[in-house]
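Reader: Could you walk me through the charged pairs and the chain contact here?

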Amino acid sequence: MAEQNSTSETLATSGGVPALLRVDEVTKIYGSGHTAVTALQAASMSVDTNEFVALLGPSGSGKTTLISIIGGLLAPTSGSIHLGGVDVTGLSARELTRFRAERVGFVFQSANLVPFLTARENLLYVAGLTKMPKSHARQRADQLLEELGLAARAKNVPEQLSGGERQRVAIGRALMNDPDLVLVDEPTAALDTALGRQVVQLLRREIKDRGKTGIMVTHDLRMVEYTDRVFEILDGHLTHVESPTTAGH
Amino acid sequence: MVFLALTEMRRAKLRFGLLTGAVALLVFLVLLLTTLSGALVGALTGALEGLRADGIVYSDSARDNIAASRLAPETVALVAAVPGVQEAAGVGTLTSGGRVDAESVDFQVFGVDAAGPGSPSGLTEGRLAEAVGEAAVDGDVAIGQVIVLDPSGVELTVVGLLRGAQFNALPTAYTTLDTYDEVVTASFPGLPFVPVNAVAFTVTQDADLSAVVSAISDAVPEVTAYSLTDAVALIPGIESISQSFGILVGLTFIIGIVVIGFFFLILTVQKLRAFTLLRAIGTGSGRLATSVSVQIAIVVLLASVIALGLTLLAVEGLNTGLPVSINVSTVIGTIVAVLVFSLLAGLLSVRRIMRIDPASAVGAR
Ligand SMILES: Nc1ncnc2c1ncn2[C@@H]1O[C@H](COP(=O)(O)OP(=O)(O)OP(=O)(O)O)[C@@H](O)[C@H]1O
Ligand SMILES: [Mg+2]
């Protein structure tokens, strides 16, 4: 690994403005005793508004674990997460549910959509979890579906959609509530290269156009060119890499 | 979440339709059994239950059975003299063969005083018997028809129709005490006097019924008094019939609840992935629990409407020989009970939902 542990470098961002997202010394140990698995070891990173970063690493290295903790789905064993000044690790279960609904957009590795809701309803559903006015929500859902090239598929349920279409609906769902942070887990795993590129390009555009912060987990090096910075994770150790090409596996 | 609940049901019409159908059949069974048992018990007890009396007096030897009770006519005055008794009237009854338009029908004939506490309630048409040879009848006759009793040969003209006044599942004919005397003397010539079977009484407004009941038993020799409710409950066979039907209804009810509870648990387990996803994207578990409860409520209410329709059809169409009628409060009670217990059974699903770890939505697991 060419890079040193980059805590000092990533914690301070340009201009001294605190970064939107700060991950401090996060450790995650699954289980206990001799079956304990250390999935994350003192991981630290910070990502700014309007940044789209990649999280690279082989299978089982702790990528999903890290973004789950960042997104308020999983409690870390130690360490802390701050998003826009909020200490995520200090929130109660109820507050975390709201936090996920309002501030985080998640695109999961699999099973992203509610099977009995249409594409449009999948988007509208998450709006219903917040105080967004109904008419505004409908307008926004239609606009997102349009931008994602899904206007014609809005009334289809997930099983009538292709893998790429489903992935795009999930992206729309993640963006629907105008979250500060968009977390994407392996968006291209189920897609061929061309479609994968298309989806990631789209994701980048949506994040950049809307001034969001995005973290994309991938183990596909070719997708890295669409991101601003690259973090690599190996056996639970997180590092910031300058040049993505050195992160190959 | 009503939207989630309704949308899912719309998208899975077959699944929810089948469930609703199954629940409807079970509720139907419960309603039909309750209605029929009510009708059967009513046919056995209606005459007694319908008396405008607070209590009734039998002879000691009768063992709670009006048909086996014999009282001298003077007993009426003795009962009336007991403090707390407002009014007392003799009731005579016997089972008699009879013919209506050459068709043989058995009747339970009652001799009562139309104005007194022994008179029946449930008059739907016409009036009660006032003169000798008249009768108000709960049975398959029309006003103006003539019933010829066998073997006495006494003729009764139907002047009124009653409902819910059958006895021992027999049609009843309520005549005056004088007509009753005629029937008895003609059937059993040579009797020194015509006994009454019972004395029906009412109590004064401020009297305590149970106190008056014991006072009568104490004051009048060789009789036992009962409150009307007790007398009805003591009719031979009533208890076991009510109990048997109670067990049938209860079992069907429990099976229905278990079906609903397990079905929704299965549905919940099948949808665990979707529910986990919903939790992960910020749905509170309370919302999911509400969604399941809304679905249960809809299924039960829909099923109840169908079951009610089926019950009405069955009551119309089934010829049981009993005067069957739907008891509104029983129906509402049954439906409310099914709803409440189904929601309780839904707690199985809710508990499962509460245990969902939203973190398991991530990754390929
Ligand atoms: N719930 C769990 N209980 C125990 N161990 C777990 C659990 N979840 C993950 N792990 C372990 O933690 C490590 C990191 O898992 P994680 O899912 O974060 O990897 P990943 O980088 O996302 O892998 P992939 O690319 O295959 O999705 C793995 O060794 C995994 O087996
Ligand atoms: Mg993963």
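Author: Sure, definition up front: a salt bridge is a side-chain nitrogen of Lys or Arg within 4 Å of a carboxyl oxygen of Asp or Glu. This is a predicted model, where local features need pLDDT of at least 70, side-chain atom pairs count only at pLDDT 80 or more, and totals for chains, interfaces and linings use all residues. Residues are numbered from 1 along each chain as written, chains are lettered from A and ligands numbered from 1 in written order, and side-chain values use heavy atoms, without hydrogens and water.

Reader: Which residue forms a salt bridge with A:Asp220?

Author: A:Asp220 counts as buried at 16% relative accessibility (buried is under 20% relative accessible area, exposed over 50%, partly exposed in between; 1.4 Å probe, protein chains only). The closest N and O atoms of the pair are 3.0 Å apart, and the partner is A:Arg222.

Reader: How many salt bridges are there between chain B and chain A?

Author: B:Arg11 meets A:Glu121 at 2.6 Å, N to O. B:Arg10 also meets A:Glu121, at 4.0 Å. B:Arg10 lies in helix H1 of chain B and A:Glu121 in helix H4 of chain A, so that pair joins two chains (helices, H or I, at least four residues, and strands, E, at least two, are DSSP runs numbered from the N terminus). The count between the chains is 2.

Reader: What area is buried between chain B and chain A?

Author: Buried area is the accessible area (1.4 Å probe) that two parts lose on being put together, summed over both. Carbon and sulfur atoms give 68% of it here, and the total is about 2,200 Å².
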